[in-house]
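Visitor: I am new to this structure and would like a close look at a single part of it. Please start with one pairing and work outwards from there.

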Amino acid sequence: MSKEFVFRGRAWVVGDDIDTDMIYHGSYLPLTDPKEMAKHALEYLPGMEDFTEKVQPGDILVAGKNFGCGSSREHAVITLQYNDVAAVIAESFSRIFYRNAVNLGYPILEVPGITAEVETGDELEIDANTGHILNVTKGIEVHGISLSGLEKEIMTAGGLFGYLKAEFQAEE
Amino acid sequence: MSGKTIIEKILSEHSGEDARAGDRVWADLDLAVVRDFGGPNVVLEYEKQLGDKPVWDPQKIAMTFDYQAPAKVVLVANNQRACRQFAVKHGVPHVFDVNAGVGQHVLLEHGMVLPGSLIIGTDSHMNLLGAVGSFSTGMGTTDVAAGWATGRLWFRVPETIKITFKGEYDHPASAKDLTLFLLSKIDTSKTIYKSLEFYGQPVDSLSLAGRLTLASMVTEMEGKIGFITPNQSILDWIGGRAGRNVEAVLPDQDASYWDEWEFDVSGLEPLIACPDRPDNVKPVREVAGTSVDEVFIGSCTNGRFEDLKVAAEVLQGMGGKVAPHVRLVVTPATTEVAMEAVEAGLYETFIKAGAMVTNQGCSLCTIGHHGVLAEGDVLVSTGNRNFRGKLGKGSQAYLAGPAVAAATAVKGEISLPE
Amino acid sequence: MGQTFAQKILARKAGLEEVEPGQIVTVQPDKLLTHDNTAAIAKIFREIGVERVARPEINVIVLDHVVPAATEGHATNHQQIRRFVEEQGITNFYDVGEGICHQVLPEKGHALPGYLIVGSDSHTPTHGAFGAFAAGIGRTEAASVMATGEIWLMVPHSFRVVVKGGLPKGVYSKDIVLHIIGDLGADGADYRSVEFAGPVVEEMSIASRMVLCNMAAEMGAKAGVVEPDEKTRSWLTGRTSADFQEVLADPDAAYERVIEYDVTELAPQVAQPHTVDNVVPITEVAGTRIDQAFIGTCTNGRLEDFRVAARILRGRRIAPNTRLLILPASREVLLDALAEGIIADLVTAGAVVLNPGCGPCLGAHQGVMAPGEVTLSTANRNFKGRMGCKEAEIYLASPAAVAASALTGEIADPREFL
């Protein structure tokens with residue numbers, strides 16, 4: 001990976017088991033334009049209905065367990081991506097969300113215990129290459145599980161198509 | 001080295017490698033499916049990335065329009081059309097349009113799902129096809145578009161948990177209750193991303209409809225796939241549809257399991273998943289009397305003829321009339337199920353009772369089609385998800401089997417079937 | 001000098017000996033029909049400052065426009081209406097799934113000869129088929145009827161439309177009325193009472209008479225009527241225990257216009273986009289490709305309509321690139337169609353059978369098209385965007401024509417299929 005996977009931003013903390021309908025509600029599934037999709041991020045998550053108005057580019061979403069459970073909709077990743085949420089770090093990810101994020105080259109990091117160390121508004125520094133997280137505001141360090149193996153390669157290539165195209169070129 | 005689990009065998013077979021839990025392999029796809037939700041995104045992504053490049057194999061691609069059948073808004077009508085046009089352009093023959101029904105069920109009925117096959121689709125409940133031993137999985141736009149291009153995708157080989165049931169139970173408890181029971185007992189931090197293999201007399205005695213129910217909620221258990229080994233009767237059925245002999249994929253005797261669990265379902269009683277999670281399971285008797293506004297009988301979990309039949313029988317046995325303040329929506333999973341239901345007089349039972357029978361498809365479950373709830377409404381559904389607000393802001397949903405749903409519709413409150 | 005039907009009925013309701021066209025009378029309607037717009041009307045009603053509906057027994061409320069609710073907005077709207085109904089003690093309330101208001105009203109015995117019916121829907125004139133004076137009114141007027149139990153009306157001038165000749169095979173009441181509208185124009189009968197008479201009309205079933213009166217609205221008529229006879233009395237048997245007194249136009253009544261049509265040479269008719277009076281014989285548009293075919297609505301969603309459709313479609317499959325939507329106008333129609341095996345025939349032919357309601361007709365819910373698509377429909381309106389997409393096209397025709405066209409995927413002459 002590269003310095004692209006180093007972030008500094010303001011944290012938004014949400015709870016456990018945030019399912020895909022809360023991240024991106026099913027009624028918006030027909031949308032195909034990412035900029036349109038971005039308008040509905042977290043709309044159905046109680047307390048976060050105005051997220052898209054308040055979020056700043058570079059902000060970081062911090063979640064509890066099982067983030068992104070539910071549907072295989074990639075919209076859930078895209079809506080965060082297009083709100084310029086720099087990364088999502090969570091205690092654990094639902095695998096479908098995890099896989100979609102990897103395929104889209106969207107930075108995620110699994111960090112057990114993270115929600116105990118961060119509050120909304122805290123400034124965080126994340127190095128997704130190493131898994132190292134610093135809560136600048138509170139002066140706490142936490143370590144997450146950085147990507148490795150094939151997932152790391154796909155993420156570094158910018159997503160699955162980036163990875164595949166590089167493969168095609170390598171073969172030629 | 002030890003033998004292989006079912007998933008290890010399937011991924012080995014499809015990758016040409018010795019695939020073991022934890023490995024990453026590139027595996028060949030037997031079928032890559034899109035729905036009218038997800039499908040247009042895949043078409044757009046494919047064309048953006050690859051332009052006019054022909055798909056890897058048009059025979060191995062299918063489209064099923066079940067999310068909003070027929071279209072409710074111009075956006076979806078456009079999406080459906082975009083998919084049809086792509087199919088024509090690339091010579092994809094398998095387009096099951098708005099008159100076909102729930103995708104996975106349609107594919108199964110058309111003999112396109114074989115034990116041991118590897119199928120991907122833009123729906124997280126693709127994996128209900130594990131009920132016949134197929135490794136089918138839900139994927140996002142990028143995966144499916146890449147799959148259409150190359151015919152292969154990367155997979156992390158899941159570990160497998162062997163789950164064995166024992167014990168006997170009677171109607172009104174059903175496959176749905178067995179499924180809810182399991183959901184309530186397992187720790188999803190352990191089942192996450194696992195392949196589950198289901199064994200034991202209670203599973204073996206399940207019909208195809210019952211197996212589809214159990215397999216359809218593996219996603220809610222956070223599992224990747226749930227396999228039920230098809231018996232000879234089911235193999236014959238599949239073979240009949242596919243036009244060839246088929247065999248089940250069995251794990252090796254010395255397969256290595258991540259864990260093995262046993263569950264006793266003796267005396268299983270009707271259960272219900274309470275708001276707001278599918279694993280918030282309680283006995284029906286504990287929440288009986290809760291007033292409801294709407295009841296839904298259908299979905300990829302409980303939309304087969306058997307499910308509708310049970311519901312119709314309970315409805316009739318309890319007076320044959322839906323409570324005045326309750327809206328009962330019934331949706332057959334596919335055209336085949338609809339026809340069976342029409343011929344068996346089930347439509348008449350439902351309609352005379354005051355229900356609405358809608359056309360086959362995903363119906364209520366994918367919000368935004370119909371049956372949307374108002375704030376404060378309570379729904380009992382035979383579907384598989386009840387996360388807060390899913391079916392309407394400020395509404396609540398319970399999940400149950402068809403018999404409980406029917407009884408609830410009659411009484412106007414959560415009820416045990418009589 | 002004799003009085004027309006409109007004069008006689010309004011005179012009687014106003015307690016007068018006779019009235020003249022142009023005269024304003026204050027009358028107490030026998031029925032006030034409202035549907036999904038009841039909540040909006042109730043809102044206006046409350047703004048008037050009245051708390052109780054004046055005559056709750058005359059209110060007939062049918063939820064039919066978007067059923068079951070397709071958005072949170074619709075769900076909330078329905079919820080509000082149910083609350084209003086309960087609060088006001090309105091007993092003639094028909095919840096989602098019963099059917100389209102203009103079918104449910106007469107089925108439940110609320111449309112009787114000699115009745116004065118007003119409704120907050122432009123197709124209220126449908127009920128003239130039962131010998132009632134039935135007129136559409138606006139929401140504010142409807143609110144005022146709710147508040148006061150009465151309404152002022154201007155006595156309309158009357159046309160007498162006499163239909164004679166030998167109606168050819170494959171030509172129906174829909175064709176006759178389309179032809180008349182094409183001849184008179186969309187405002188040709190503006191604010192008139194149109195009396196349909198003559199041997200061809202007398203031969204018609206009640207359902208076919210409903211088609212005439214329903215479409216009278218599309219020539220601008222305030223009311224349409226067919227004189228009640230033995231057929232009317234027979235249809236009403238068992239549906240009501242209310243007393244009614246038939247009102248018949250005097251034989252020497254003075255009409256503003258008497259128009260005669262001989263239908264012996266009439267061909268099936270089609271209204272082309274985008275106005276109802278843009279009518280041509282079907283031969284002029286035969287071969288036009290259609291993406292969707294729709295049989296249903298308050299105009300042509302009855303048993304006789306589905307019978308002829310089933311006759312044409314039985315044992316055949318619809319064209320591969322055409323969607324066929326079937327929408328029975330009521331639960332009763334659906335049950336009858338099921339009993340006759342019609343639903344089975346239509347599903348087998350590839351149709352999507354929707355639950356009773358207004359559905360595709362008004363573009364709020366089912367069957368919305370993509371830009372550039374074409375629907376051939378049995379509805380009564382084809383304005384741009386009517387079915388939810390401004391860049392799509394709607395042609396109107398009879399059920400037989402729509403069924404035949406669904407087979408070929410192009411506008412087809414039903415006479416070739418009968």
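In strand 3 of chain A, which residue is the bridge partner of A:L61?

Guide: The bridge partner of A:L61 in strand 3 of chain A is A:V88. Before going on, note that this is a predicted model, in which local features need pLDDT of at least 70 and side-chain atom pairs count only at pLDDT 80 or more, while totals for chains, interfaces and linings use all residues. Residues are numbered from 1 along each chain as its sequence is written, and chains are lettered from A and ligands numbered from 1 in the order in which they are written.

A:L61 and A:V88 are part of a pairing between strand 2 (residues 60–63) and strand 3 (residues 87–90) of chain A, which run in the parallel sense over four bridges. Strands here are DSSP runs of E with at least two residues, helices are runs of H or I with at least four, and both are numbered from the N terminus. Two strands pair if DSSP finds at least two bridges between them. Strands of a sheet pair through backbone hydrogen bonds, either parallel or antiparallel.

Strands 2 and 3 belong to an open sheet of seven strands in chain A, with the order 4-3-2-1-5-6-7 and mixed pairing. At its edges are strand 4 (108–110) and strand 7 (140–143) of chain A, each of which pairs on one side only. On average, neighbouring strands of this sheet are turned by 25 degrees against each other, direction ignored. Such angles run from 0 to 180 degrees between N-to-C directions, with axes as lines fitted to C-alpha atoms, for helices over the stretch in contact.

Around the sheet is the rest of chain A, which has seven helices and seven strands. From the N terminus on, these elements run β-α-α-α-β-α-β-α-β-β-β-β-α-α. The radius of gyration of chain A, 15 Å, is close to the 16 Å that the globule rule gives for 172 residues, so chain A is as compact as a globular protein of that length. That radius is taken over C-alpha atoms, and the rule is 2.2 Å times the number of residues to the power 0.38. The C-alpha trace of chain A spans about 50 × 40 × 25 Å along its principal axes.

Of the 172 residues of chain A, 53% count as buried. A residue is buried if 20 or more other C-beta atoms lie within 10 Å of its own, exposed if 12 or fewer, and partly exposed in between, with C-beta atoms placed from the backbone. Among the contacts in chain A with a separation of 6 or more, 65% are between residues 24 or more positions apart. A contact is a pair of residues whose C-beta atoms, placed from the backbone, lie within 7 Å.

Chain B also has parallel pairing: its strand 17 (residues 378–381) pairs with strand 14 (residues 294–297) over three bridges and with strand 18 (residues 396–399) over four. B:F296 stands opposite B:S381 of strand 17, and the partner of B:V380 in strand 18 is B:Y398. Both faces of strand 17 of chain B are covered, with B:V378 and B:V380 buried on one side and B:L379 and B:S381 buried on the other.

As for the chains together, chains A and C do not touch, and their nearest C-alpha atoms are 9 Å apart. Two pairs of chains touch, and the most contacts among them are between chains B and C.
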